[in-house]
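New to this one? Here's a quick briefing to read with the model open beside you.

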Amino acid sequence: MNKLDYINKKRVIKDKIFKKFVTILTFISIIPLFLIIYFVSIRGFRYLSLRFITSLPKPMGEAGGGIFNAIIGSFIIVGIAALISIPIGIIVGVFLSEYKETKFSEVVKILIDTLQGIPSIVIGIIGYIWIVKPLKHFSAISGSIALAIMMLPIIIKSTEEILNMVPQEIKEGAIALGAPYYRVVLKILLPYGFVGIFTGILLGISRIMGETAPLLFTAFGNQFLNLNIFKPMSTIPYVIFVYATSPYKEWHNQAFAASIILIIIVLSINLIGRALEKKWKM
Amino acid sequence: MKVDRVFKIILISGGFLMVILLSAIFLSLVFSSISSLKEYGIRFLFTKEWDPVNLKFGAVPFIIGTLLTSFISLLITIPFSLSISIYLSELLKNRTISKLLQTLIELIAGIPSVIVGLWGLFILAPIIRNIQAKLGIQPIGVGIFTASLILSIMIIPYSASIGKEVLSLVPIEVKEGAISLGATEFEVIKGILIPTSFKGIFGGFLLSFGRAFGETMAVTMVIGNANRIPKSIFSPGQTMASLIANEFTEATSILHLSSLIEIGLILFIISVLINILGRVIIRKVTF
């Protein structure tokens with residue numbers, strides 16, 4: 001074998017080793033997904049039942065009981081957060097795409113990136129300072145406001161992105177026909193981007209549905225079923241945290257069962273969002 | 001037209017609302033930590049006691065804990081997320097498998113932090129405890145290392161997706177040119193792709209670091225919650241975020257509460273700086 005052959009062989013082997021290495025590391029990276037889902041399922045399924053979903057928690061240390069209040073609470077708090085966040089998010093998203101060229105919209109974009117980078121626990125402190133402190137007690141609404149702040153950047157960005165994809169001609173055509181500007185936005189741009197914006201909303205909801213940190217000192221928790229948004233309210237992620245860090249075996253098991261419910265809710269909203277996303281991106 | 005004017009005003013005020021929101025968040029944090037800021041001043045950043053009973057508060061153990069966990073998790077993350085970006089954008093030619101893998105990786109990011117923490121606390125920590133026992137280290141299970149491991153699971157999808165995006169920006173002609181000159185794929189990736197997109201990749205890692213910095217629930221559940229400077233990477237510690245999560249509702253004195261909010265303020269400032277820097281780098285690359 002001459003020297004050139006030797007060098008080439010070495011290069012090919014290096015290439016092969018590199019590819020193997022990269023492939024293996026990639027596949028290792030998805031193992032945790034299966035490990036987490038697997039272990040949470042085998043530990044939780046035994047305690048998961050219709051009764052667990054439809055009954056209220058039992059007092060500390062007593063066997064049985066469910067998380068009905070937390071499921072209802074999660075939907076109420078996330079629902080209100082979405083109601084606050086969606087209109088504002090769409091307005092800001094339209095603003096960013098309609099006023100792209102201005103300095104001010106550049107600043108707003110940076111602010112939205114900043115908002116997205118704020119740790120969730122800090123948003124929790126803000127909910128506490130703004131709502132809990134003046135009202136002097138924990139409340140569902142303070143949790144909703146904290147979650148709304150977290151959801152906002154996601155909705156703004158998806159709205160902006162979608163509207164930027166609307167062909168300029170459609171808009172120009174409508175304006176040329178004499179349609180007032182607000183009608184162009186409301187009747188043409190937004191309906192055109194509806195599916196995309198809706199996707200952003202779904203992804204935003206799946207994101208905040210599992211958030212715990214902002215709720216620790218806002219919505220707090222509640223052992224009873226509460227529908228009053230000015231009182232503390234329980235949520236699924238909060239229950240998982242409190243039960244997991246308690247000393248009771250029974251509660252640990254319930255934390256695993258509650259996790260299955262949360263994973264199913266969060267991942268299915270997430271997957272629906274992704275499926276829709278693929279549709280409009282094509 | 002009148003309606004149009006009102007409509008435009010609404011849109012622009014949406015922009016202003018963001019300015020108000022961000023300023024309000026910052027100012028609220030500053031005002032609510034005022035008693036701690038006044039009492040300790042800059043010393044707060046250099047004091048290592050955290051003693052709610054005697055009202056002595058300093059941030060050193062938590063700053064160290066946060067830096068340690070985020071750095072270690074980033075170190076673990078780098079080879080994995082780079083591999084994913086390279087594998088998905090360059091090596092894997094099968095589109096169906098590529099899409100599937102990508103969805104699976106993104107699903108990891110979709111798992112709520114509290115569930116990753118639950119898994120870490122009840123399944124990963126015992127395994128690490130066993131390994132520690134075998135290695136002759138004090139078997140605790142929870143601690144800085146476990147938290148870093150959990151954190152890296154959570155940030156790998158994030159930095160991988162940024163890396164993939166940045167790599168895909170390298171013009172295909174450049175790659176083709178190199179291959180036609182006889183370079184192997186490894187040489188193309190090492191010699192061309194990584195150097196050209198280095199800035200973007202770096203920006204992505206910066207953003208991931210920022211994310212690890214502020215991650216709360218999973219860390220709180222597995223870090224061991226010890227308010228002192230960790231002796232080794234296997235000992236229990238505390239991050240700024242986990243400290244707030246643990247003590248906020250139990251803070252009875254005004255000084256304690258305001259010290260915790262000051263920790264939140266520090267967390268806010270650092271995360272914002274890291275984030276803006278990371279995004280500026282990535283924006284420069286993508287445009």
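What follows is a short tour of spaces, surface and charged pairs.

Keep in mind that this is a predicted model. Three topics come up: the second largest pocket, with about 440 Å³ of space, a nonpolar patch on the surface, and the 13 salt bridges found over all chains. There's a cavity to look at too, with about 40 Å³ of space.

**The second largest pocket**

- Start with the second largest pocket, where the space comes to about 440 Å³.
- Its lining counts 23 residues, and those nearest the centre are A:Leu216, A:Phe220, A:Tyr238, A:Phe241 and A:Val242.
- Both chains show up in that lining: α3 (68-98) and α10 (236-244) of chain A give two or more residues, and so does α11 (240-247) of chain B.
- The largest share belongs to α10(A), with 5 residues.
- By type, the lining splits into 13 nonpolar residues, 9 polar and 1 charged.

**The cavity**

- How many cavities of 30 Å³ or more are there? The count is 1, and its space is about 40 Å³.
- Ten names are worth clicking through here, as the lining is made up of B:Ser81, B:Leu82, B:Ser85, B:Ser159, B:Ile162, B:Gly163, B:Gly200, B:Ile201, B:Gly204 and B:Phe205.
- Three helices of chain B, namely α3 (60-91), α6 (144-167) and α9 (198-214), each put at least two residues into this lining.
- Of the elements lining the cavity, α9(B) gives the most, with 4 residues.
- You'll find no charged residues around the cavity, just 6 polar and 4 nonpolar ones.

**A nonpolar patch on chain B**

- Now turn to the surface, where B:Phe26, B:Leu27, B:Phe31, B:Ile34, B:Ile269 and B:Leu273 make up a nonpolar patch with about 550 Å² of accessible area together.
- Two helices of chain B, α1 (2-32) and α12 (254-286), supply at least two patch residues each, and the largest share, 3 residues, is from α1(B).
- Take B:Leu27 as an example: this residue sits in helix α1 of chain B and has a relative accessible area of 41%, so it counts as partly exposed.

**Salt bridges**

- Some background first: side chains can pair if they carry opposite charge and their charged atoms come close.
- One pair within chain A is A:Asp15 with A:Lys19, a salt bridge of 3.1 Å from N to O.
- These two residues share helix α1 (residues 3-44) of chain A and are 4 residues apart, about one turn of the helix.
- Is A:Asp15 buried or exposed? A:Asp15 is buried, because its relative accessible area is 9%, whereas A:Lys19 is partly exposed at 26%.
- The pair also belongs to a network of salt bridges that links A:Asp15, A:Lys19, B:Lys93 and B:Glu185.
- Another pair to find is A:Arg207 with A:Glu211, whose closest N and O atoms are 3.3 Å apart.
- In that pair, A:Arg207 is partly exposed, with 34% relative accessible area, and A:Glu211 counts as buried at 12%.
- For a link between chains, look at B:Glu106 and A:Arg274, where the closest N and O atoms are 2.5 Å apart.
- This salt bridge runs from helix α4 (residues 95-110) of chain B, home of B:Glu106, to helix α11 (residues 249-281) of chain A, home of A:Arg274.
- Here B:Glu106 is partly exposed, with a relative accessible area of 24%, while A:Arg274 is buried, with 17%.

Note on methods
Residues are numbered from 1 along each chain as its sequence is written. Chains are lettered from A and ligands numbered from 1 in the order in which they are written. This is a predicted model: local features need pLDDT of at least 70, side-chain atom pairs count only at pLDDT 80 or more; totals for chains, interfaces and linings use all residues. Side-chain values use heavy atoms; hydrogens and water are left out. On a 1 Å grid over the protein atoms alone, a cavity is a set of points where a 1.4 Å probe fits but cannot get out, and a pocket is an open set with protein on both sides within 12 Å along at least five of seven lines; lining residues have an atom within 4 Å of a point. Grid points are joined across faces, edges and corners, and a volume is the space filled by probe spheres set on the points. Ala, Val, Leu, Ile, Met, Phe, Trp, Tyr, Cys and Pro count as nonpolar, Asp, Glu, Lys and Arg as charged, and the others, Gly among them, as polar. Patches are made of residues with over 30% relative accessible area and no salt bridge: like charges are joined within 9 Å, nonpolar side chains (Val, Leu, Ile, Met, Phe, Trp, Tyr) within 5 Å. Accessible areas come from the Shrake-Rupley method with a 1.4 Å probe; for residues, only the protein chains shown count as cover. A salt bridge is a side-chain nitrogen of Lys or Arg within 4 Å of a carboxyl oxygen of Asp or Glu. Buried means under 20% relative accessible area, exposed over 50%, partly exposed in between (1.4 Å probe, protein chains only).
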